[in-house]
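Hello,

Here is the structure I promised to pass on to you. Please have a look at it, and then read on for what turned up when I went through it.

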Amino acid sequence: MAELSFRYAEEKDSELILYFIKEIAKYENMLDEVDATVDLIKKGVFETKTAEVLFIQEDNKEVGFALFFHNFSTFTGKPGLYLEDIFIKEEYRHKGYGKATLKKLAKIAIERDCARFEWVCLDWNEPSIQFYTSLGAKAMDEWTIYRLSGEALKKLAED
């Protein structure tokens, strides 16, 4: 029987992190939006520690990853854990690894005294939506995410 384990990424894993980022982007049909590079991963994850990466391993082989960071809730007065990406290679899905990863992240959130554990899911990803709701996660339908990027971000910063 295969053994599931987790390990935190190290700087030497930057290329592997980028590989998994590109894999999730392919799955989401958004590969053309990936601007990340190995150097940017090294800077953001390991130098400035803006995010953390947990590798999902089967028999000590990386089969997926979860990239997360902390945010802060003014209403609760506590940090939250925000899952930016979770991805498991297709051939390793339906083995309980996604649930085990979310459980691991929930434990990290509790250990770090986080009030919330949050993530977003694309509207068309019905299998993931069903999975998340089966765990007790609630869709925040009354909230809309807004984003400034590229030229719009630069323009606002200049005004």
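The largest nonpolar core has 14 residues, and Ala9, Ile17, Val45, Val53, Phe55 and Phe65 are those with the most contacts inside it. Please keep in mind that this is a predicted model. Two or more residues of this core come from each of α1, α2 (38-47), β2 (52-58) and β3. Helix α1 provides the largest share, with four residues.

Now to the aromatic rings. There are nine aromatic pairs in the model. One of them joins Phe20 and Phe65, which are stacked with 5.5 Å from centre to centre and 15° between the planes. Phe20 belongs to helix α1 (residues 14-27) and Phe65 to strand β3 (residues 61-73), so this pair ties together parts that are 45 residues apart in sequence. Are these two rings buried or exposed? Both Phe20 and Phe65 are buried.

Another pair is made by Trp119 and Tyr132, and this one is edge-to-face: the centres are 5.1 Å apart and the planes are at 65°. Here too distant parts of the chain are linked, since Trp119 sits in strand β5 (residues 116-119) and Tyr132 in helix α4 (residues 126-134), 13 residues apart. Tyr132 counts as buried because its relative accessibility is 13%, and the cut-off for buried is under 20%.

The ring pairs also build a cluster, which takes in Tyr19, Phe20, Phe55, Phe65 and Phe87. Phe55 and Phe65 from this cluster will be familiar from the list of core residues with the most contacts.

A charged side chain meets a ring as well: Arg93 lies over the face of Tyr27, 5.2 Å from the ring centre.

On the surface, you may like to look at Leu148, Leu153 and Leu156, which make a nonpolar patch of about 280 Å². Leu156 is part of helix α5 (residues 150-158). With a relative accessibility of 52%, Leu156 counts as exposed, because the cut-off for that class is over 50%.

Last, a word on Glu11, which is in the loop between β1 (4-8) and α1. Its relative accessibility is 39%, so Glu11 counts as partly exposed. Between the C-alpha atoms of Glu11 and Gly98 there are 24 Å, and the two residues are 87 apart along the chain.

Happy to talk it through whenever it suits you.

Best wishes

Key: Residues are numbered from 1 along each chain as its sequence is written. This is a predicted model: local features need pLDDT of at least 70, side-chain atom pairs count only at pLDDT 80 or more; totals for chains, interfaces and linings use all residues. Side-chain values use heavy atoms; hydrogens and water are left out. Patches are made of residues with over 30% relative accessible area and no salt bridge: like charges are joined within 9 Å, nonpolar side chains (Val, Leu, Ile, Met, Phe, Trp, Tyr) within 5 Å. Accessible areas come from the Shrake-Rupley method with a 1.4 Å probe; for residues, only the protein chains shown count as cover. A salt bridge is a side-chain nitrogen of Lys or Arg within 4 Å of a carboxyl oxygen of Asp or Glu. Buried means under 20% relative accessible area, exposed over 50%, partly exposed in between (1.4 Å probe, protein chains only). Rings of Phe, Tyr and Trp (its six-membered ring) pair if their centres lie within 6.5 Å; planes under 30 degrees apart count as stacked, over 60 as edge-to-face and the rest as tilted. A charge sits over a ring if NZ of Lys or CZ of Arg is within 6 Å of the ring centre and within 35 degrees of the ring normal. A nonpolar core is a set of buried Ala, Val, Leu, Ile, Met, Phe, Trp, Tyr and Cys residues joined through side-chain atoms within 4.5 Å.
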